[in-house]
2 protein chains.
Amino acid sequence: MRRLKPLVARSSFLVSLLLAGAASAADTTVLVNARIHTGNPDQPAATAMAWDASGRVLAVGDEAPLLLHYGGLRIVDAGGGVVIPGMIDAHAHLMNLGFALLRADLVGARDRAEVIARLQAFAADLPDGAWLLGRGWDQNDWPDKAFPTAADLDAAFPDRPVWLERVDGHAGWANSAALRAVGRDLSGDWQPDGGRILRDGEGRATGVFIDAASALVDAVVPPASHALRAEALERALAAAVANGLTGVHDMGVSLDDLRLMREFADAGRLPLRIRAYADGDAAALAALCAMGPYEHGGGRLAMRGVKFYVDGALGSRGAALLEDYSDEPGHRGLLVTAPEDFAAGVRKAADCGLQPASHAIGDRGVRIVLDTYARTLGDASADDHRWRVEHAQVIAPEDFSRFAALHLVASMQPTHATSDMPWAQTRVGGERIRGAYAWQTLRAAGVPLALGSDFPVESVDPRLGLYAAVSRQDSEGRPRGGWFPRQRLTPVQALEGFTAGAAFAAFDEAELGRLMPGYRADFVILDADPLAMPATRLPVLVVRSTWVDGEAVYEKTVSETVDPGVSRAPPQPSPD
Amino acid sequence: MRRLKPLVARSSFLVSLLLAGAASAADTTVLVNARIHTGNPDQPAATAMAWDASGRVLAVGDEAPLLLHYGGLRIVDAGGGVVIPGMIDAHAHLMNLGFALLRADLVGARDRAEVIARLQAFAADLPDGAWLLGRGWDQNDWPDKAFPTAADLDAAFPDRPVWLERVDGHAGWANSAALRAVGRDLSGDWQPDGGRILRDGEGRATGVFIDAASALVDAVVPPASHALRAEALERALAAAVANGLTGVHDMGVSLDDLRLMREFADAGRLPLRIRAYADGDAAALAALCAMGPYEHGGGRLAMRGVKFYVDGALGSRGAALLEDYSDEPGHRGLLVTAPEDFAAGVRKAADCGLQPASHAIGDRGVRIVLDTYARTLGDASADDHRWRVEHAQVIAPEDFSRFAALHLVASMQPTHATSDMPWAQTRVGGERIRGAYAWQTLRAAGVPLALGSDFPVESVDPRLGLYAAVSRQDSEGRPRGGWFPRQRLTPVQALEGFTAGAAFAAFDEAELGRLMPGYRADFVILDADPLAMPATRLPVLVVRSTWVDGEAVYEKTVSETVDPGVSRAPPQPSPD
């Protein structure tokens, strides 16, 4: 993947006007020629917006009066585009996205030569000495369908270690430099438990490792250097703003990663706002408990809450269910944190004035969160605490009202629903599935929704989230009419979940998520109106530019392909 | 020890005047009837001072114009007292002082009955269930000169464990409740290595433990609860402000202790300013590295630096010397941190934008600090970094100029000099002693001095520090003329070390350490002038009141004995 453009781009829309005698307005910018969805129920639509030098919105309204009143140094012409409040992903993992972007994408390569060519292109942007990691090769796509060998990679990469995961994750392919890094003799006839080293006729490792044997190489991949971690964060941030995100709730941030983010914030290299959630009961939580919630002075980085894990995921049958899995009798999932440890963590967060955000996917996981939150909050449940349940995918019927009674926020990911729908009902059966991905049931109960993607588990692109939320269909437009269509969100509700709803979930609603006076000028200019188009067009909406604090942090160039991993073809309309 | 009065006292000096038509000045306070030493070289003396509601000094000058200009709601009558800038202890340990104040003082008790009586008075203020700890008993002061027993304590303390250290630290005396807490049978004829359990004729432990045997009881003293830690901090703070301190540089604060201090700051219970230094390369440093220097919003708590230890102390021959100890050939002291670990810590502090403050007592310890700082600073040595050397007690002749060349701050404790002078020359000999406690030599080299006490190693009372700095004599006025009297400081220099000098050492010089417009109204009202009195009177100066942010945080009452542990009798004048 080639490098994205610099994070803070010079605005190509910028028209500088020096009006004599208007010095007092010299620091004001007016956005014109726009169709603005403000998100403000009292004034939902406008055609112009003014903000000051600090990036605070001064006024939202019609062009003529705003130009008259605020016309000053800078006018931004939106070119007739549609402006929406900056989108906020309420549940995501920036560093993981960054490291995923630092792995070469080999999916669909048609032969060894194409693999090499893609790796060479990718390596051009890698820091010196860094391992070249990749994923997605499949020898079944190649003419000879034979497993590759280290030698296939050695001519192009004699010195830089290369380590490539197969498309199914069940094999790895190393070059000789990577094999040399393994500190033991890989030849002979021994095999590791649960895995297999492929060898040639003379007992020498060929470079392919099956299943658990991959751990021999994984173990010697060096921990990411500071430079590599910074590169990962920069790529993740660039990808996020290119997709119209102006904010991310980063779920599970270590103290070290917070430090990296702060370095970016200090250096003016954070193009969007990160609301970091500490990684459970670890060093970051201890620091917050000592020093209080963290707020970077620049307004782009804060850590006010703690992420906890309760159970696993539904796909791997790790989500904790109250009754057996429908497709595995006797199995009810697993708890990744003991309930008493989870309760102690929540108690600590509460004592330290922090907001818990707890991963719970199965109805038993959700029940544990509800019980723990209820016990910990006690009489404070009616306070404005905004304790969060992350995912909340499967909820027992009697628990919906408890979300509302406890004043919790449901943080949900529309694309999880459409990714899981092929097999979710098999896992939980026809009854429980009615309480799964149940966005409208939660809304009807009065529970605030915050929407996100869980990237890189799903795509970073919130347009796909809007599409999934509105359609509950896959990219082919299936199933017709949408999966459990009564849970579909309206376009306004979906956009609200990615803007004001997410802002509320992080205590940012007084300055983010809407475009109104006093709010931050965080917005996106689109080529069309997401609230007035067929759902099938949502994934191909064009983000023309992304603005944070009144400055462009991303602008699309004609030649740019924003996210090569995501198909730009619109889904097929579903014939109703 | 009885409880000190509430931290933020109602001002008995307060005269409320509601002047019709002076509403705009209603939030202004004017201090009158004072002799003010401002510490400002451009205006060293004044008779009145005005400050605003936020506690910022508005003006310093003469009474009549200040009353005319600022006279408003509140006038504080200093009663003809002498006002100095609030004193700042540049090297101390608040929690240790607090825990010391939570131990009953038994020094000088003349019999068991007096011990019991003192313990009962002390226990009245102890939290329920807390162990009663004490120190200072000496059976040689008692009529029968016999070791006490547990039974002596049991009638008065049947349930609360009591554990009392002998005056020399070489024995402990427990009651039966404390003996029961020891989880093993103490009877029989066995003895622990390096110690002895005193037993009666039937082999039962009597309650007295000699040397290493004390560890059997020490090990079961419960860790301090949050309530007890808070009590300790509160007592330390009360003792500090009662002695005229408005600031403390707390050297070596854990993340947990910072949390406690923040709770106090949040609750408005910090009567003075704490500049905390992190406890080496541990959790607090990691938190600072992630989040940046810590500043509490209220201005009374900050953590901007890190305390490191290089060597031990001179008394125990732990200070690291370049050559052998004069009184122990072949021994050169010890390093408590390996130089490479110290260097790594300093590097980390520097990378994280933090100020190192490194304990170094012997000339080898100091040399290691100089070498390490020089290597780490490199070309940045001329920057305004203010890296600190704590104690700097023994300095090789060729190293004085390096302090200045590296732009270091020397943080020194005048009472250490007068405590050590009976034996210091024995330790280091007649040559090296000339570079010991060498305040004027450092000043002459251009090195800024910050003065402190290292309490509770020495008294918390900065008047004793002023006295030691000016006289270099003990409380009996010995030796005549002072110990190496050319190193004595003038009263102005000594006071500057405890005010502006200390403020500079913590980057506070733009708002603390002097009384001038824009500075914080942190000051002390004394009954006499420390800059115009015989040195022998300094220890008995009366602190009438202590003010922080323009509010009284301590006021002396007629009946109050501020620090029962410190003799109030003036030292004998030294006949010259």
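**Entry 1: a strand pair in chain B**

I opened this predicted model at strand E13 of chain B, residues 171–174, and looked for its pairing with strand E15 of chain B, residues 205–211. The two run antiparallel and are joined over 3 bridges. I then looked up which residue of E15(B) faces Ala171(B). Ile210(B) stands opposite Ala171(B).

**Entry 2: the sheet around that pair**

I traced the sheet outward from there. It is an open sheet in chain B, built from 6 strands. I noted the order as E10-E11-E12-E13-E15-E14, with mixed pairing. Next I checked the edges. They are held by strand E10 (103–105) and strand E14 (195–199) of chain B. Each of these has a single partner strand, so one side of each lacks a neighbour in the sheet. I also looked up the twist. From one strand to the next, it averages 25 degrees.

**Entry 3: a helix across the sheet**

Which strands does helix H3 of chain B lie across? I found E10, strand E11 (132–137) and strand E12 (162–166) of chain B. The helix covers residues 112–123. I recorded its angle to E11(B) as about 145 degrees.

**Entry 4: where the chains touch**

I turned to the contact between the chains. On chain A, 12 residues are in contact with 12 residues of chain B. I asked which helices of chain A each supply at least two residues of that side. They are helix H8 (255–266) and helix H9 (283–291). H9(A) gives the largest share, 6 residues. I then sorted the side of chain A that touches chain B by class. I have 9 nonpolar, 1 polar and 2 charged residues.

**Entry 5: how the copies are related**

I looked up the superposition of chain A on chain B. A rotation of 180 degrees does it, with 0.0 Å of shift along the axis and an RMSD of 0.1 Å. This is therefore the relation of a two-fold axis. Which residue of chain A comes closest to the rotation axis? I found Ala287(A), with its C-alpha at 2.6 Å. I also compared the contact residues of the two copies. The same surface serves both, as 100% of the contact residues of chain A recur in chain B.

**Entry 6: domains of chain A**

Last, I checked the domain division of chain A. Domain 1 takes 132–218 and domain 2 takes 227–508. I noted 37 Å between the C-alpha centres of domain 1 and domain 2 of chain A.

Key:
Residues are numbered from 1 along each chain as its sequence is written. Chains are lettered from A and ligands numbered from 1 in the order in which they are written. This is a predicted model: local features need pLDDT of at least 70, side-chain atom pairs count only at pLDDT 80 or more; totals for chains, interfaces and linings use all residues. Two residues are in contact if their C-beta atoms, placed from the backbone, lie within 7 Å. Helices (H or I, at least four residues) and strands (E, at least two) are DSSP runs, numbered from the N terminus. Ala, Val, Leu, Ile, Met, Phe, Trp, Tyr, Cys and Pro count as nonpolar, Asp, Glu, Lys and Arg as charged, and the others, Gly among them, as polar. Two strands pair if DSSP finds at least two bridges between them. Axes are lines fitted to C-alpha atoms, for helices over the stretch in contact, and angles run from 0 to 180 degrees between N-to-C directions. Copies are superposed by least squares on the C-alpha atoms of residues with pLDDT of at least 70 in both. Domain bounds come from an automatic or database domain assignment.
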